[in-house]
Amino acid sequence: MTTLSRRHQQLLMVHFVPHQSTISLIEGRTALLISPSALTEESREIRFYVQNSWDSLGIEKAAFFRPETGIGRLPVYRSRNMTLLVHHGKTVLLLRKLPRKTGWKIPVVIDFLIVSRNAVRTWDQIRGRVAARTIIFDDSNKTLLTDRLLEEARRLKIPCHSVRRQGAFIQRI
């Protein structure tokens, strides 16, 4: 990738970090890392699992945010169970737990649904509640559950990605 194209890159990355949810929003040579864990540039997880990806993209500066405490300049909606953010016109829903309240639903199609902490156990739980163009399972989900949901998604033609099985999810936005 050339220096000029790196300056204009806009990416969503869901990293493989064992047992964690770790997401980067990349704009130019800057990364915004979103994770419920208190990660820093000095964290072993960042140095071992994230830094190589950032280096390959020419990232020079990184900021770290926890969804529970705020995302700075991004348009965002937060609750205990989910965080909805908008970045360059793309919607990203970080789903940590399905609300128990019956009748709730997201009234728009989400570009990227990132499922964490076993929030989805069956496809029926989100049918009619959340419509997403792409569903990504981070590594905070149980392996057997994710594998079962991926197999069902393949049969149902639901576009899914598992960072455990397929590696980091990277998408231009």
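**Figure 1. Arg 165 and its salt-bridge partner, Asp 147, in the predicted model.** Arg 165 counts as partly exposed, at 49% relative accessibility. Its side chain meets that of Asp 147 in a salt bridge, with an N to O distance of 2.5 Å. Asp 147 belongs to helix H3 (residues 143–156) and Arg 165 to helix H4 (residues 163–166), so the pair ties together parts that are 18 residues apart in sequence. Asp 147 is likewise classed as partly exposed, at 25% relative accessibility.

**Figure 2. A salt bridge within helix H3, between Glu 152 and Arg 148.** The side chains of Glu 152 and Arg 148 meet at 3.2 Å, N to O. Both residues lie in helix H3, four residues apart, which is about one turn of the helix. Arg 148 has a relative accessibility of 35% and counts as partly exposed.

**Figure 3. The loop residue Arg 29 and its contact with Glu 60.** In the whole structure, a search finds seven salt bridges. One of them joins Arg 29 to Glu 60, whose closest N and O atoms are 3.2 Å apart. Arg 29 is placed in the loop between strand S2 (23–27) and strand S3 (30–34), and Glu 60 in the loop between helix H2 (44–56) and strand S4 (61–65); the pair therefore ties together parts that are 31 residues apart in sequence. Arg 29 is partly exposed, with a relative accessible area of 21%, whereas Glu 60 is exposed, with a relative accessible area of 62%. A further distance places Arg 29 relative to Ile 135: the C-alpha atoms of these residues are separated by 26 Å, and the two are 106 residues apart along the chain.

**Figure 4. A patch of positive charge on the surface.** Arg 80, Lys 97, Arg 100 and Arg 117 gather in this patch. Arg 117 is located in the loop between strand S8 (109–115) and strand S9 (131–137). The relative accessible area of Arg 117 is 48%, and the residue is partly exposed.

**Figure 5. Strand S1 and its pairing with S2 and S11.** Strand S1 (residues 10–14) is largely enclosed by the rest of the structure, because four of its five residues are buried. S1 pairs with S2 in the antiparallel sense over five bridges. S1 is also joined to strand S11 (residues 169–172) by four bridges, and these strands run antiparallel. Val 14 illustrates both pairings: the residue stands opposite Ile 23 in S2, and its bridge partner in S11 is Phe 169.

**Figure 6. Positive phi at two residues other than glycine, His 88 and Asn 118.** The phi angle of His 88 is positive, near 55°. His 88 is found in the loop between strand S6 (82–87) and strand S7 (90–95). With a relative accessible area of 38%, His 88 is partly exposed. Asn 118 has a positive phi of about 60°, although it is not a glycine. Asn 118 occupies a place in the loop between S8 and S9, the loop in which Arg 117 also lies. Asn 118 is buried, with a relative accessible area of 12%, whereas Arg 117 is partly exposed.

Technical notes. Residues are numbered from 1 along each chain as its sequence is written. This is a predicted model: local features need pLDDT of at least 70, side-chain atom pairs count only at pLDDT 80 or more; totals for chains, interfaces and linings use all residues. Side-chain values use heavy atoms; hydrogens and water are left out. A salt bridge is a side-chain nitrogen of Lys or Arg within 4 Å of a carboxyl oxygen of Asp or Glu. Helices (H or I, at least four residues) and strands (E, at least two) are DSSP runs, numbered from the N terminus. Buried means under 20% relative accessible area, exposed over 50%, partly exposed in between (1.4 Å probe, protein chains only). Patches are made of residues with over 30% relative accessible area and no salt bridge: like charges are joined within 9 Å, nonpolar side chains (Val, Leu, Ile, Met, Phe, Trp, Tyr) within 5 Å. Accessible areas come from the Shrake-Rupley method with a 1.4 Å probe; for residues, only the protein chains shown count as cover. Lys and Arg count as positive and Asp and Glu as negative; His and the chain ends are not counted. The place of a charge is taken as NZ of Lys, CZ of Arg, CG of Asp or CD of Glu. Two strands pair if DSSP finds at least two bridges between them.
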